[in-house]
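Open your viewer, switch on a cartoon view and keep the selection panel at hand. We will go from one selection to the next and look at what sits at each stop.

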Amino acid sequence: IAQGCRKAKRTIRIPTMADDLLVLSTIEVADSKFLGFVKRVSTRFEAEAFQASLKEEHPAAAHVPFGLILSSNENEDGSTGYDEDDEPPYSTGPSIVEEIRKLKQTGIAVVIVRYFGNRLLGVTCGRLSQCYSSVTKLALNRFILPENVPIQQEYLHVTNSLYGLAAGDTELIMNVVEDPDGNMLDCVRDELDFSGFKGAK
């Protein structure tokens with residue numbers, strides 16, 4: 001951690017997408033593993049078919065939720081939606097849809113395959129949602145941006161936890177000042193101590 005402006009940047013190197021079943025992002029947290037997939041779609045039926053194909057491809061997965069935005073007019077019936085596939089309500093779908101919305105993408109579906117052991121990641125603390133957000137963000141940017149074009153994110157506040165900040169195929173550059181109480185440092189340390197985001201590839 002070096003002196004400078006108060007922000008943290010994450011740089012992601014993006015591979016080329018070959019087909020619909022290519023894993024675009026992977027993170028591992030405790031005994032959960034998240035795989036991210038993206039596809040252009042024009043209907044919810046196509047998104048559900050994409051989800052079904054990934055369930056067939058990953059029969060041992062515990063959950064295979066998806067989120068989609070079909071139209072820029074989100075007030076249009078059916079233009080936005082998700083299926084949380086038995087994850088706790090509102091822990092998964094809204095996070096996936098929000099990441100699509102942030103990139104101003106339409107006609108796109110994101111499916112996340114989750115393998116799960118025994119360790120709960122935490123719904124009320126937001127960790128589970130942030131895991132889904134992180135793997136979705138990585139997958140979308142690798143799908144949308146040209147090969148080897150990095151993205152950067154700046155974290156100016158620590159009102160939310162930083163789970164996901166050091167996850168999956170990322171280069172983490174910390175540049176922090178005016179943190180006399182160690183709030184941001186503690187957030188990063190807590191994340192790394194959570195025996196998670198390890199083995200990411």
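Helices and strands on this tour are DSSP runs, numbered from the N terminus, with at least four residues for a helix (H or I) and at least two for a strand (E). With that in hand, try a small stop to start: just after α2, select Lys104, which takes a positive phi of about 55°. Please keep in mind that you are looking at a predicted model.

**The whole chain**

Now zoom out and colour by secondary structure. You should find four helices and seven strands, and starting from the N terminus they follow the order β-β-β-α-β-β-α-β-α-β-α. Of the 201 residues, 46% count as buried. If you take contacts between residues at least 6 apart in sequence, 75% of them join residues at least 24 apart.

**The largest nonpolar core**

Next, select Ile27, Phe34, Val38, Ile100, Val110 and Ile112 and show their side chains. In the largest nonpolar core, which has 21 residues, these touch the most other members. At least two core residues come from each of β2 (25-29), β3 (32-40), α2 (93-102), β6 (108-115) and α3 (127-144). Which element gives the most to this core? That is α3, with eight residues. Apart from this core lies another one of 13 residues; to find it, select Leu35, Val64, Leu68 and Val111, which are among its members.

**An aromatic pair**

Keep Phe34 on screen and add Tyr132. The two form an aromatic pair with an edge-to-face arrangement, 5.1 Å centre to centre and with 85° between the planes. Phe34 sits in strand β3 and Tyr132 in helix α3, 98 residues apart, so this pair links distant parts of the chain. Both residues are buried.

**Helix α2 and its neighbours**

Select α2 and pick out its buried residues: Gly93, Ser95, Ile96, Val97, Glu99 and Ile100. They pack against β4 (66-69), β5, β6 and α3.

For a view from the β4 side, click on Ile69, which lies in that strand. Is Ile69 buried or exposed? With a relative accessible area of 1%, Ile69 is buried. Measure from its C-alpha atom to that of Ile100 and you should get 7.1 Å, although the two are 31 residues apart along the chain. Leaving aside neighbours within four places in sequence, the contacts of Ile69 include Val97, Ile100, Arg101 and Ile108.

**From α2 to α3**

Stay on helix α2 and move to Glu99. This residue counts as buried because its relative accessibility is 5%, and the cut-off for buried is under 20%. Glu99 forms a salt bridge with Lys137, whose closest N and O atoms are 3.2 Å apart. Glu99 is in helix α2 and Lys137 in helix α3, so the pair ties together parts 38 residues apart in sequence. Both partners are buried. Add Lys102 to the selection: salt bridges with shared partners join Glu99, Lys102 and Lys137 into one network. Glu99 also touches Ser133, Thr136 and Leu140, among others.

**The loop between β5 and α2**

Finally, select the loop between β5 (80-83) and α2, where Glu84 lies. Glu84 is buried yet has no salt bridge, and the nearest side chain of opposite charge, Arg44, is 10 Å away. What does the side chain of Glu84 reach at 2.8 Å? Its partner there is the backbone nitrogen of Tyr90. The backbone nitrogen of Gly93 also lies 2.9 Å from a polar atom of the Glu84 side chain.

Two more acidic residues are worth a click. Asp85 forms a salt bridge with Lys55, with the closest N and O atoms 3.0 Å apart. Asp85 is in this loop and Lys55 in helix α1 (residues 44-57), 30 residues apart. Lys55 counts as partly exposed at 34% relative accessibility, whereas Asp85 counts as buried at 13%. The side chain of Glu87 meets that of Arg114 in a salt bridge of 2.8 Å, N to O. Arg114 lies in strand β6 and Glu87 in the loop, so parts 27 residues apart in sequence are tied together. Arg114 and Glu87 are both buried. To close, note that a search of the whole structure finds six salt bridges.

How values were computed
Residues are numbered from 1 along each chain as its sequence is written. This is a predicted model: local features need pLDDT of at least 70, side-chain atom pairs count only at pLDDT 80 or more; totals for chains, interfaces and linings use all residues. Side-chain values use heavy atoms; hydrogens and water are left out. A nonpolar core is a set of buried Ala, Val, Leu, Ile, Met, Phe, Trp, Tyr and Cys residues joined through side-chain atoms within 4.5 Å. Buried means under 20% relative accessible area, exposed over 50%, partly exposed in between (1.4 Å probe, protein chains only). Lys and Arg count as positive and Asp and Glu as negative; His and the chain ends are not counted. A salt bridge is a side-chain nitrogen of Lys or Arg within 4 Å of a carboxyl oxygen of Asp or Glu. A polar contact is a pair of N or O atoms within 3.5 Å; within protein, one must be able to donate a hydrogen and the other to accept it, and residues adjacent in sequence count only if both atoms are side-chain atoms. Rings of Phe, Tyr and Trp (its six-membered ring) pair if their centres lie within 6.5 Å; planes under 30 degrees apart count as stacked, over 60 as edge-to-face and the rest as tilted. Contact means heavy atoms within 4.5 Å.
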